[in-house]
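Trainee: I've got a model open and a pile of labels I don't quite trust yet. Can we go through them and check what each one rests on?

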Amino acid sequence: MDDLPMLQTAFDAFNAQDYSKALELFTHLADQNNPTALSSIGYLYQQGLGVEQSLEKAYEYYSRASEFNEPTAIFNLALMVADGVVVPHDQFKSHELLMRAAILELPQAQYEVALSLERGLGCIQNFSEAAFWYEEAAKRGHAGAFNNLGVLFKEGHGVLQDYPKAFICFSRAANMNLAEGQYNLGLMFDQGLGCEMNNDTALEWCRKAAYNGHEKAKSIIRSLQEEGKIVF
């Protein structure tokens, strides 16, 4: 069986929760240094699926896969390094790994590297670089990246303040059912920033955010109910 069909069969077995069969196929491919298979075995060990959980073995397989520039493996290594799992906590090393995975176009890594740049975690704080990587992740459909990019446009951090762009970003995040995006979009309608002020629409988005577990939105809805201003 060629690599691609075998890899697909392995993923089919994984999705069917037949982890022992998936492991057998991934192992065959890993013996030939297939990066995706190496990374997948790392995940099986990390989660304890079909094998006894071993973070040491997960780290070992992710490390091997990362030598072949497998982005998911590099990203998972970054998280393990940041959490001090298997190896000592090292925020700078974690940031380096996140950047590697981000350059390899992994959306979650692009989001996380943007977050670290925004907060100055393991790197020098740089809002404009953060905006760049949020935009890269957003281009690939990452809801959190749309929301956080919207915040930068709203506040004018690292980019020129631009309410209409912030509104567009929050709209995209909100329509992807991200509670934080729904709450922020509600605030834009409430304040008439980048859009026409509309208190009814603001309340509607606040309700959606509350329904999706956003604590501040829940608190606002509760207060309005207690004041008798709305019936939820």
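Mentor: Sure. Let's begin with the word "contact", which means heavy atoms within 4.5 Å. Keep in mind that this is a predicted model.

Trainee: Okay, which residues is Tyr-134 in contact with, leaving aside its neighbours within four places in sequence?

Mentor: Tyr-134 touches Tyr-111, Ala-114, Leu-115, Glu-118, Ala-145, Asn-148, Leu-149 and Leu-152, once those sequence neighbours are left aside. Tyr-134 also belongs to the largest nonpolar core, which has 66 residues. Along with Phe-26, Ile-41, Trp-133, Leu-185, Met-188 and Phe-189, Tyr-134 is in the group that touches the most other members. There's a second, separate core too, with seven residues, among them Leu-203, Cys-206, Ala-210 and Ile-221.

Trainee: Next up, cysteines. How many disulfides does the structure hold?

Mentor: Zero. Take Cys-195: the closest cysteine sulfur is in Cys-169, 14 Å away. A disulfide needs the two sulfurs within 2.5 Å, so at 14 Å that pair is too far for a bond.

Trainee: And is Cys-195 buried or exposed?

Mentor: Buried, because its relative accessibility is 18% and the cut-off for buried is under 20%. Cys-123 gets the label for the same kind of reason: its relative accessible area is 18%, so it falls under 20% as well.

Trainee: Moving on to charges, what makes Glu-136 and Lys-139 a salt bridge?

Mentor: Their side chains meet at 2.8 Å, N to O. The limit for a salt bridge is 4 Å, so this pair qualifies. Both residues lie in helix 8 (residues 127-139), three residues apart, about one turn of the helix.

Trainee: How do you know whether each of those two is buried or exposed?

Mentor: Compare the values with the cut-offs. Glu-136 has 14% relative accessibility, which is under 20%, so Glu-136 counts as buried. Lys-139 has a relative accessible area of 59%, which is over 50%, so Lys-139 is exposed.

Trainee: Which other residue has a side chain that meets Glu-136 in a salt bridge?

Mentor: Arg-140, at 3.2 Å, N to O. Arg-140 counts as partly exposed because its 33% sits between the two cut-offs.

Trainee: What about Glu-215 and Lys-218, what makes them a salt bridge?

Mentor: Their N to O distance is 3.1 Å, and that is within 4 Å. They're both in helix 13 (residues 215-226), three residues apart, about one turn of the helix. Glu-215 is exposed because its relative accessible area, 52%, is over 50%. Lys-218, at 28%, is partly exposed because that value falls in between. Elsewhere, salt bridges with shared partners join Glu-105, Glu-136, Lys-139 and Arg-140 into one network. The whole structure has five salt bridges.

Trainee: Last one, Ser-66. Why is Ser-66 called buried?

Mentor: Its relative accessible area is 10%, so Ser-66 is under the 20% cut-off. You'll find Ser-66 in helix 4 (residues 55-66). A polar atom of the Ser-66 side chain lies 2.7 Å from the backbone oxygen of Ser-63. Leaving aside neighbours within four places in sequence, Ser-66 is in contact with Ala-73, Ile-74, Leu-77 and Arg-100.

Conventions. Residues numbered from 1 in each chain as written. Predicted model: local features only at pLDDT ≥ 70, side-chain atom pairs only at ≥ 80, totals over all residues. Heavy atoms only, no water. Core = buried A, V, L, I, M, F, W, Y, C linked by side-chain atoms within 4.5 Å. Buried < 20%, exposed > 50% of the residue type's maximum accessible area, 1.4 Å probe, protein only. Helix = DSSP H or I, 4+ residues; strand = E, 2+ residues; numbered from the N terminus. Polar contact = N/O pair within 3.5 Å; in protein donor to acceptor, adjacent residues only side chain to side chain.
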